[in-house]
Amino acid sequence: MKLDKKRICYILRSRYPKIFGIRKGLQRLKIKRLYRCCLSAKEVEECEKNPSKKAEIITPYLSKWKRYLKPSIEEMEDILENSPIYKDREDKDYLRTDMLFCRLAYGFIPSEYAGFELENKTPEQRREFASDIDMNVFGYSVNDIKELQSILDKGDGYLRFSNYFKRDAIVIKNKGDYARFHEFVKKHPIFVKKVVFSSMGKGVELVNINEISENEKDYFEKLVSTGKYLLEEKVCQHEEMAKFNKSSVNTIRCITFKTDKGVETPYAFMRAGRNGSFVDNAGAGGIVVGVDTKTGILNTDGYDEYGSHYFCHPETKVVFKGSQIPKWEELTSLCKEAAVTVKDISYLSWDLAYTEKGWVVIEVNEVGQFIIPQIVMKRGIKRELEKSLNRMKKVI
(Lines give C-alpha, C1' and ligand atoms only; values in the text may rest on other atoms or scores of the structure.)
Protein backbone atom coordinates (compact mmCIF):
# COMPACT_ATOMS: atom_id res chain seq x y z
CA MET A 1 0.00 0.00 0.00
CA LYS A 2 1.36 3.40 -0.98
CA LEU A 3 1.53 5.84 1.91
CA ASP A 4 0.47 9.42 1.20
CA LYS A 5 1.86 12.47 2.96
CA LYS A 6 -0.94 12.66 5.54
CA ARG A 7 -0.45 8.99 6.47
CA ILE A 8 3.32 9.41 6.82
CA CYS A 9 2.87 12.51 9.02
CA TYR A 10 0.34 10.62 11.12
CA ILE A 11 2.77 7.75 11.73
CA LEU A 12 5.65 10.06 12.62
CA ARG A 13 3.69 12.42 14.87
CA SER A 14 1.93 9.61 16.72
CA ARG A 15 5.37 8.52 17.87
CA TYR A 16 6.60 11.89 19.11
CA PRO A 17 8.06 11.42 22.61
CA LYS A 18 6.79 13.62 25.41
CA ILE A 19 10.17 14.04 27.06
CA PHE A 20 12.73 16.82 27.41
CA GLY A 21 10.44 19.20 25.59
CA ILE A 22 11.03 17.36 22.30
CA ARG A 23 7.38 17.42 21.33
CA LYS A 24 7.02 21.10 22.19
CA GLY A 25 10.11 21.87 20.15
CA LEU A 26 8.72 20.01 17.16
CA GLN A 27 5.44 21.87 17.57
CA ARG A 28 7.21 25.24 17.62
CA LEU A 29 9.12 24.18 14.50
CA LYS A 30 5.82 23.33 12.82
CA ILE A 31 4.54 26.85 13.53
CA LYS A 32 7.78 28.41 12.31
CA ARG A 33 7.54 26.50 9.04
CA LEU A 34 4.11 28.00 8.38
CA TYR A 35 5.84 31.33 7.75
CA ARG A 36 8.66 29.97 5.62
CA CYS A 37 7.49 31.56 2.37
CA CYS A 38 5.98 34.74 3.81
CA LEU A 39 7.16 38.22 2.91
CA SER A 40 9.22 40.14 5.43
CA ALA A 41 7.51 42.91 7.43
CA LYS A 42 9.49 45.46 5.43
CA GLU A 43 8.34 43.99 2.11
CA VAL A 44 4.72 43.90 3.24
CA GLU A 45 4.89 47.56 4.29
CA GLU A 46 6.44 48.56 0.96
CA CYS A 47 3.72 46.73 -0.98
CA GLU A 48 0.99 48.34 1.12
CA LYS A 49 2.41 51.82 0.52
CA ASN A 50 3.19 51.20 -3.15
CA PRO A 51 0.73 48.63 -4.61
CA SER A 52 2.44 48.92 -8.00
CA LYS A 53 5.47 47.10 -6.53
CA LYS A 54 3.53 43.99 -5.47
CA ALA A 55 4.29 41.98 -8.61
CA GLU A 56 7.99 42.84 -8.48
CA ILE A 57 8.32 41.92 -4.79
CA ILE A 58 6.35 38.66 -4.82
CA THR A 59 7.79 37.23 -8.07
CA PRO A 60 10.99 35.80 -6.49
CA TYR A 61 8.86 34.09 -3.81
CA LEU A 62 6.63 32.50 -6.43
CA SER A 63 9.68 31.01 -8.09
CA LYS A 64 11.44 29.88 -4.90
CA TRP A 65 8.33 28.39 -3.26
CA LYS A 66 6.56 27.18 -6.41
CA ARG A 67 5.91 23.67 -5.09
CA TYR A 68 4.67 24.86 -1.70
CA LEU A 69 2.38 27.47 -3.25
CA LYS A 70 0.98 25.13 -5.91
CA PRO A 71 -2.30 24.35 -4.04
CA SER A 72 -2.98 28.07 -3.57
CA ILE A 73 -2.27 28.81 -7.22
CA GLU A 74 -4.58 25.99 -8.36
CA GLU A 75 -7.33 27.19 -6.02
CA MET A 76 -6.87 30.75 -7.28
CA GLU A 77 -7.27 29.74 -10.93
CA ASP A 78 -10.39 27.72 -10.10
CA ILE A 79 -11.95 30.71 -8.33
CA LEU A 80 -11.03 33.14 -11.13
CA GLU A 81 -12.55 30.81 -13.71
CA ASN A 82 -15.73 29.79 -11.89
CA SER A 83 -16.68 32.43 -9.34
CA PRO A 84 -19.49 34.75 -10.53
CA ILE A 85 -17.59 37.57 -8.84
CA TYR A 86 -14.42 37.17 -10.92
CA LYS A 87 -15.01 35.00 -14.00
CA ASP A 88 -15.93 37.89 -16.30
CA ARG A 89 -13.32 40.33 -14.99
CA GLU A 90 -10.76 41.58 -17.50
CA ASP A 91 -8.19 42.53 -14.87
CA LYS A 92 -7.35 39.01 -13.75
CA ASP A 93 -3.61 39.66 -13.70
CA TYR A 94 -4.25 42.33 -11.07
CA LEU A 95 -6.39 39.88 -9.10
CA ARG A 96 -3.73 37.17 -9.31
CA THR A 97 -1.10 39.56 -8.00
CA ASP A 98 -3.28 40.76 -5.12
CA MET A 99 -4.43 37.24 -4.18
CA LEU A 100 -0.86 35.96 -4.09
CA PHE A 101 0.29 39.03 -2.19
CA CYS A 102 -2.36 38.32 0.46
CA ARG A 103 -1.15 34.72 0.64
CA LEU A 104 2.48 35.74 1.08
CA ALA A 105 1.86 38.76 3.30
CA TYR A 106 -0.97 37.68 5.61
CA GLY A 107 -1.45 33.94 5.03
CA PHE A 108 -4.84 34.14 3.27
CA ILE A 109 -5.61 31.34 0.84
CA PRO A 110 -7.54 32.37 -2.33
CA SER A 111 -10.92 31.13 -1.00
CA GLU A 112 -10.43 33.41 2.01
CA TYR A 113 -9.54 36.31 -0.30
CA ALA A 114 -12.81 35.80 -2.16
CA GLY A 115 -14.96 34.97 0.85
CA PHE A 116 -13.71 37.86 2.99
CA GLU A 117 -13.93 40.25 0.01
CA LEU A 118 -10.34 41.33 0.65
CA GLU A 119 -9.98 43.07 -2.70
CA ASN A 120 -11.99 46.02 -1.43
CA LYS A 121 -10.43 46.21 2.03
CA THR A 122 -7.58 48.31 3.38
CA PRO A 123 -4.49 46.66 4.92
CA GLU A 124 -5.88 47.47 8.38
CA GLN A 125 -9.23 45.84 7.55
CA ARG A 126 -7.50 42.79 6.08
CA ARG A 127 -5.62 42.28 9.34
CA GLU A 128 -8.90 42.01 11.23
CA PHE A 129 -9.49 38.60 9.63
CA ALA A 130 -7.92 35.34 10.80
CA SER A 131 -6.07 33.68 7.91
CA ASP A 132 -5.32 30.05 7.17
CA ILE A 133 -1.91 30.51 8.81
CA ASP A 134 -3.51 32.19 11.85
CA MET A 135 -5.83 29.19 12.21
CA ASN A 136 -2.92 26.74 12.17
CA VAL A 137 -0.88 28.79 14.65
CA PHE A 138 -3.91 28.95 16.96
CA GLY A 139 -4.45 25.20 16.68
CA TYR A 140 -0.84 24.21 17.27
CA SER A 141 -0.69 26.56 20.26
CA VAL A 142 -3.48 24.78 22.17
CA ASN A 143 -3.56 21.26 20.71
CA ASP A 144 -0.86 18.68 21.37
CA ILE A 145 0.47 17.50 18.02
CA LYS A 146 0.68 13.85 19.13
CA GLU A 147 -2.81 13.74 20.61
CA LEU A 148 -4.20 15.27 17.40
CA GLN A 149 -3.33 12.10 15.49
CA SER A 150 -6.23 10.23 17.09
CA ILE A 151 -8.51 12.86 15.52
CA LEU A 152 -6.75 13.24 12.17
CA ASP A 153 -7.39 9.58 11.35
CA LYS A 154 -11.20 9.30 10.91
CA GLY A 155 -11.06 5.63 11.90
CA ASP A 156 -9.31 6.39 15.17
CA GLY A 157 -11.67 9.33 15.68
CA TYR A 158 -14.68 7.03 15.42
CA LEU A 159 -13.21 4.54 17.89
CA ARG A 160 -12.50 7.36 20.33
CA PHE A 161 -15.95 8.96 20.13
CA SER A 162 -18.13 5.98 19.16
CA ASN A 163 -20.62 6.71 21.98
CA TYR A 164 -21.44 10.00 20.29
CA PHE A 165 -21.71 8.56 16.77
CA LYS A 166 -24.68 6.37 17.81
CA ARG A 167 -24.41 4.10 14.77
CA ASP A 168 -22.54 1.05 13.54
CA ALA A 169 -19.13 1.49 11.90
CA ILE A 170 -16.00 -0.52 11.20
CA VAL A 171 -12.44 0.29 10.17
CA ILE A 172 -10.87 -1.85 7.45
CA LYS A 173 -7.23 -1.77 6.37
CA ASN A 174 -6.10 -5.27 5.32
CA LYS A 175 -7.40 -8.60 4.01
CA GLY A 176 -7.75 -9.93 7.54
CA ASP A 177 -10.74 -7.62 8.01
CA TYR A 178 -12.92 -9.39 5.44
CA ALA A 179 -15.06 -11.33 7.92
CA ARG A 180 -15.97 -8.12 9.74
CA PHE A 181 -16.64 -6.40 6.41
CA HIS A 182 -18.93 -9.23 5.29
CA GLU A 183 -20.99 -9.10 8.50
CA PHE A 184 -21.20 -5.31 8.31
CA VAL A 185 -22.47 -5.11 4.72
CA LYS A 186 -24.90 -7.96 5.35
CA LYS A 187 -26.47 -5.81 8.07
CA HIS A 188 -25.94 -2.48 6.24
CA PRO A 189 -25.93 -3.08 2.44
CA ILE A 190 -26.11 0.68 1.94
CA PHE A 191 -23.29 2.36 3.82
CA VAL A 192 -21.01 5.40 3.81
CA LYS A 193 -17.37 4.88 2.85
CA LYS A 194 -14.79 7.40 4.07
CA VAL A 195 -11.08 7.67 3.35
CA VAL A 196 -9.62 8.10 6.84
CA PHE A 197 -7.27 10.92 5.81
CA SER A 198 -9.55 13.33 3.97
CA SER A 199 -11.39 16.62 4.41
CA MET A 200 -14.02 18.92 2.86
CA GLY A 201 -16.18 15.96 1.81
CA LYS A 202 -13.48 14.42 -0.37
CA GLY A 203 -13.25 10.64 -0.22
CA VAL A 204 -16.83 10.29 1.08
CA GLU A 205 -19.13 8.03 -0.92
CA LEU A 206 -22.51 6.35 -0.44
CA VAL A 207 -22.18 2.69 -1.46
CA ASN A 208 -24.87 0.07 -2.18
CA ILE A 209 -23.15 -3.30 -1.98
CA ASN A 210 -25.89 -4.82 -4.15
CA GLU A 211 -25.15 -2.43 -7.00
CA ILE A 212 -21.34 -2.67 -7.28
CA SER A 213 -19.94 -4.24 -10.45
CA GLU A 214 -17.58 -6.71 -8.70
CA ASN A 215 -18.48 -9.45 -6.29
CA GLU A 216 -18.30 -8.56 -2.59
CA LYS A 217 -14.87 -10.03 -1.85
CA ASP A 218 -13.21 -8.57 -4.93
CA TYR A 219 -14.63 -5.16 -4.01
CA PHE A 220 -13.28 -5.51 -0.46
CA GLU A 221 -9.79 -6.57 -1.58
CA LYS A 222 -9.63 -3.74 -4.10
CA LEU A 223 -10.63 -1.32 -1.35
CA VAL A 224 -8.04 -2.35 1.25
CA SER A 225 -5.32 -2.44 -1.39
CA THR A 226 -5.67 1.34 -1.69
CA GLY A 227 -5.67 2.32 1.98
CA LYS A 228 -7.55 2.43 5.26
CA TYR A 229 -11.28 3.16 5.30
CA LEU A 230 -14.05 3.91 7.76
CA LEU A 231 -17.38 2.34 6.82
CA GLU A 232 -20.47 3.70 8.56
CA GLU A 233 -24.13 2.89 8.79
CA LYS A 234 -26.00 5.44 6.70
CA VAL A 235 -27.38 8.34 8.72
CA CYS A 236 -31.10 9.02 8.22
CA GLN A 237 -31.64 12.66 9.08
CA HIS A 238 -34.77 13.97 10.73
CA GLU A 239 -37.29 15.72 8.49
CA GLU A 240 -36.64 18.99 10.36
CA MET A 241 -33.16 19.09 8.78
CA ALA A 242 -34.06 17.28 5.55
CA LYS A 243 -36.33 20.20 4.64
CA PHE A 244 -33.25 22.19 3.57
CA ASN A 245 -32.13 19.48 1.10
CA LYS A 246 -33.16 15.82 1.08
CA SER A 247 -30.33 14.27 -0.94
CA SER A 248 -27.59 15.35 1.51
CA VAL A 249 -27.26 14.94 5.26
CA ASN A 250 -27.34 18.61 6.28
CA THR A 251 -25.01 19.11 9.20
CA ILE A 252 -24.03 21.60 11.87
CA ARG A 253 -20.36 22.47 12.44
CA CYS A 254 -19.87 23.46 16.08
CA ILE A 255 -16.48 24.71 17.26
CA THR A 256 -15.42 24.10 20.86
CA PHE A 257 -12.74 25.88 22.91
CA LYS A 258 -11.67 24.54 26.30
CA THR A 259 -10.97 27.62 28.42
CA ASP A 260 -10.31 28.43 32.06
CA LYS A 261 -14.10 28.91 32.38
CA GLY A 262 -15.01 25.55 30.84
CA VAL A 263 -15.92 24.50 27.30
CA GLU A 264 -17.27 27.26 25.06
CA THR A 265 -18.97 27.06 21.66
CA PRO A 266 -17.99 30.39 20.06
CA TYR A 267 -18.90 29.66 16.42
CA ALA A 268 -21.32 27.41 14.59
CA PHE A 269 -22.78 27.16 11.11
CA MET A 270 -25.05 24.92 9.07
CA ARG A 271 -24.08 23.21 5.83
CA ALA A 272 -26.77 22.26 3.33
CA GLY A 273 -26.07 20.28 0.19
CA ARG A 274 -27.43 20.93 -3.28
CA ASN A 275 -30.05 18.80 -5.00
CA GLY A 276 -28.58 15.41 -5.96
CA SER A 277 -25.44 15.83 -3.85
CA PHE A 278 -24.77 13.40 -1.00
CA VAL A 279 -22.27 15.63 0.84
CA ASP A 280 -22.95 19.12 2.16
CA ASN A 281 -19.47 20.66 2.29
CA ALA A 282 -18.93 24.12 0.81
CA GLY A 283 -15.87 22.67 -0.96
CA ALA A 284 -18.21 20.20 -2.67
CA GLY A 285 -20.79 22.77 -3.79
CA GLY A 286 -22.79 23.06 -0.57
CA ILE A 287 -24.17 26.20 1.06
CA VAL A 288 -23.09 27.48 4.48
CA VAL A 289 -25.23 29.53 6.86
CA GLY A 290 -24.38 31.14 10.20
CA VAL A 291 -26.02 29.96 13.45
CA ASP A 292 -26.60 31.97 16.63
CA THR A 293 -24.69 29.85 19.15
CA LYS A 294 -27.02 30.82 22.01
CA THR A 295 -30.35 30.08 20.35
CA GLY A 296 -29.65 27.79 17.38
CA ILE A 297 -31.43 30.17 15.01
CA LEU A 298 -29.92 30.68 11.56
CA ASN A 299 -28.83 34.33 11.58
CA THR A 300 -27.31 34.88 8.12
CA ASP A 301 -28.10 34.18 4.50
CA GLY A 302 -26.34 31.34 2.69
CA TYR A 303 -23.03 31.43 0.79
CA ASP A 304 -21.09 28.96 -1.33
CA GLU A 305 -17.36 28.57 -1.99
CA TYR A 306 -17.47 30.98 -4.95
CA GLY A 307 -19.05 33.80 -2.98
CA SER A 308 -22.58 33.40 -4.35
CA HIS A 309 -25.28 34.65 -1.97
CA TYR A 310 -28.53 32.80 -1.22
CA PHE A 311 -31.59 34.23 0.60
CA CYS A 312 -33.12 30.75 0.48
CA HIS A 313 -32.06 27.31 -0.71
CA PRO A 314 -32.05 27.46 -4.53
CA GLU A 315 -33.89 24.13 -4.94
CA THR A 316 -36.10 23.72 -1.86
CA LYS A 317 -36.80 27.47 -1.46
CA VAL A 318 -36.55 27.20 2.34
CA VAL A 319 -35.56 30.61 3.73
CA PHE A 320 -32.36 30.41 5.78
CA LYS A 321 -32.36 33.41 8.11
CA GLY A 322 -34.71 32.89 11.03
CA SER A 323 -34.99 29.10 10.71
CA GLN A 324 -34.65 27.26 14.04
CA ILE A 325 -32.23 24.36 14.37
CA PRO A 326 -33.97 21.67 16.50
CA LYS A 327 -32.85 20.70 20.01
CA TRP A 328 -30.01 23.21 20.03
CA GLU A 329 -29.16 22.79 23.71
CA GLU A 330 -28.83 19.04 23.16
CA LEU A 331 -26.32 19.69 20.38
CA THR A 332 -24.14 22.09 22.35
CA SER A 333 -24.27 19.90 25.47
CA LEU A 334 -23.10 16.90 23.44
CA CYS A 335 -20.16 18.85 22.01
CA LYS A 336 -19.13 20.20 25.40
CA GLU A 337 -19.38 16.78 27.03
CA ALA A 338 -17.28 15.14 24.31
CA ALA A 339 -14.69 17.95 24.29
CA VAL A 340 -14.01 17.47 28.01
CA THR A 341 -12.97 13.85 27.40
CA VAL A 342 -10.04 14.83 25.17
CA LYS A 343 -6.74 15.43 26.96
CA ASP A 344 -4.31 18.14 25.75
CA ILE A 345 -6.61 19.28 22.96
CA SER A 346 -8.51 22.53 23.50
CA TYR A 347 -9.79 23.37 20.00
CA LEU A 348 -11.94 20.97 17.99
CA SER A 349 -14.67 21.17 15.36
CA TRP A 350 -17.66 18.82 15.53
CA ASP A 351 -19.89 17.91 12.60
CA LEU A 352 -23.32 16.72 13.71
CA ALA A 353 -26.57 15.52 12.15
CA TYR A 354 -30.06 15.47 13.63
CA THR A 355 -31.78 12.06 13.49
CA GLU A 356 -34.63 10.18 15.17
CA LYS A 357 -32.01 9.30 17.84
CA GLY A 358 -31.32 12.98 18.41
CA TRP A 359 -28.02 14.67 17.52
CA VAL A 360 -25.22 12.35 16.40
CA VAL A 361 -21.60 13.08 15.57
CA ILE A 362 -20.74 12.67 11.89
CA GLU A 363 -17.04 13.30 12.45
CA VAL A 364 -14.60 15.17 14.65
CA ASN A 365 -12.11 17.52 13.01
CA GLU A 366 -8.69 18.36 14.36
CA VAL A 367 -8.73 22.15 14.46
CA GLY A 368 -10.98 23.15 11.52
CA GLN A 369 -10.81 26.34 9.49
CA PHE A 370 -12.15 29.71 10.64
CA ILE A 371 -12.99 30.70 7.09
CA ILE A 372 -16.72 29.97 7.16
CA PRO A 373 -17.64 31.79 10.40
CA GLN A 374 -15.96 34.90 8.99
CA ILE A 375 -17.63 34.55 5.58
CA VAL A 376 -21.15 34.20 6.94
CA MET A 377 -20.73 36.87 9.67
CA LYS A 378 -19.02 39.26 7.23
CA ARG A 379 -16.42 40.28 9.79
CA GLY A 380 -12.99 39.26 11.01
CA ILE A 381 -12.48 37.37 14.28
CA LYS A 382 -8.73 37.67 14.75
CA ARG A 383 -8.99 39.83 17.88
CA GLU A 384 -11.62 37.50 19.33
CA LEU A 385 -9.31 34.55 18.83
CA GLU A 386 -6.45 36.36 20.54
CA LYS A 387 -8.69 36.95 23.56
CA SER A 388 -9.79 33.32 23.59
CA LEU A 389 -6.18 32.15 23.36
CA ASN A 390 -5.40 34.03 26.58
CA ARG A 391 -8.04 31.93 28.35
CA MET A 392 -6.91 28.58 26.98
CA LYS A 393 -4.20 26.19 28.09
CA LYS A 394 -1.23 26.45 25.76
CA VAL A 395 0.80 23.35 24.96
CA ILE A 396 3.96 25.14 23.76
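Q: Cys47, buried or exposed?
A: Cys47 is buried in this predicted model, because its relative accessibility is 0%.

Q: What is the closest cysteine sulfur to the one in Cys47, and how far off is it?
A: That sulfur belongs to Cys102 and is 10 Å away, which is too far for a bond.

Q: And Cys254, buried or exposed?
A: Cys254 also has 0% relative accessibility, so it counts as buried. The closest cysteine sulfur, in Cys335, is 4.0 Å from the sulfur of Cys254.

Q: Why is there no bond at 4.0 Å?
A: A disulfide needs the two sulfur atoms within 2.5 Å, so 4.0 Å is too far.

Q: How many disulfides in total, then?
A: The count is zero.

Q: Switching to sheets. What is the strand order in the one with seven strands?
A: The order is β9-β8-β7-β6-β5-β10-β11, in an open sheet with antiparallel pairing.

Q: Which strands stand at the edges there?
A: β9 (309–310) and β11 (358–366) do. Each has a single partner strand, so one side of each is left without a neighbour in the sheet.

Q: How many bridges between β8 and β9?
A: Two bridges join β9 to β8 (residues 298–303), in the antiparallel sense. Gly302 has Tyr310 of β9 as its bridge partner.

Q: Which strands does α16 lie across?
A: Helix α16, residues 328–340, lies across β5 (251–259), β6 (262–272), β7 (287–291), β10 (347–355) and β11. The helix runs at about 45° to β5.

Q: What about the largest nonpolar core, how many residues?
A: That core has 50 residues. Phe161, Ile252, Met270, Trp350 and Leu352 have the most contacts inside it. The largest share of this core comes from α16, with six residues.

Q: What is Met270 in contact with, leaving aside its neighbours within four places in sequence?
A: Its contacts are Met241, Phe244, Thr251, Ile252, Ile287, Val288, Val289, Val291, Leu298, Phe320 and Ile325.

Q: How many residues are in the other core?
A: There are 34 residues in that core, which lies apart from the one with Met270. Ile58, Leu69, Tyr106 and Ile372 are among them.

Q: Different spot: where is Val171 found?
A: Val171 is in strand β1, residues 169–172.

Q: Is that residue buried or exposed?
A: Val171 is buried, since its relative accessible area is 14% and the limit for buried is under 20%.

Q: How far apart are the C-alpha atoms of Val171 and Gly155?
A: They are separated by 5.8 Å, with the two positions 16 residues apart along the chain counted as their spacing. Leaving aside neighbours within four places in sequence, Val171 is in contact with Gly155, Asp177, Arg180, Lys228, Tyr229 and Leu230.

Q: What is the order of the sheet that has β1 in it?
A: The order is β1-β4-β2-β3, an open sheet of four strands with antiparallel pairing. β1 and β3 (204–208) are the edge strands, each pairing on one side only. On average, neighbouring strands are turned by 25° against each other, direction ignored.

Q: How many bridges between β2 and β3?
A: Five, with β2 (residues 190–195) and β3 pairing in the antiparallel sense. Phe191 stands opposite Val207 in β3.

Q: Which helix packs on that sheet?
A: Helix α13, residues 178–187, touches β1, β2 and β4 (229–233). The direction of α13 makes about 150° with that of β1.

Note on methods. Residues are numbered from 1 along each chain as its sequence is written. This is a predicted model: local features need pLDDT of at least 70, side-chain atom pairs count only at pLDDT 80 or more; totals for chains, interfaces and linings use all residues. Side-chain values use heavy atoms; hydrogens and water are left out. Buried means under 20% relative accessible area, exposed over 50%, partly exposed in between (1.4 Å probe, protein chains only). Two strands pair if DSSP finds at least two bridges between them. Contact means heavy atoms within 4.5 Å. Axes are lines fitted to C-alpha atoms, for helices over the stretch in contact, and angles run from 0 to 180 degrees between N-to-C directions. A nonpolar core is a set of buried Ala, Val, Leu, Ile, Met, Phe, Trp, Tyr and Cys residues joined through side-chain atoms within 4.5 Å.
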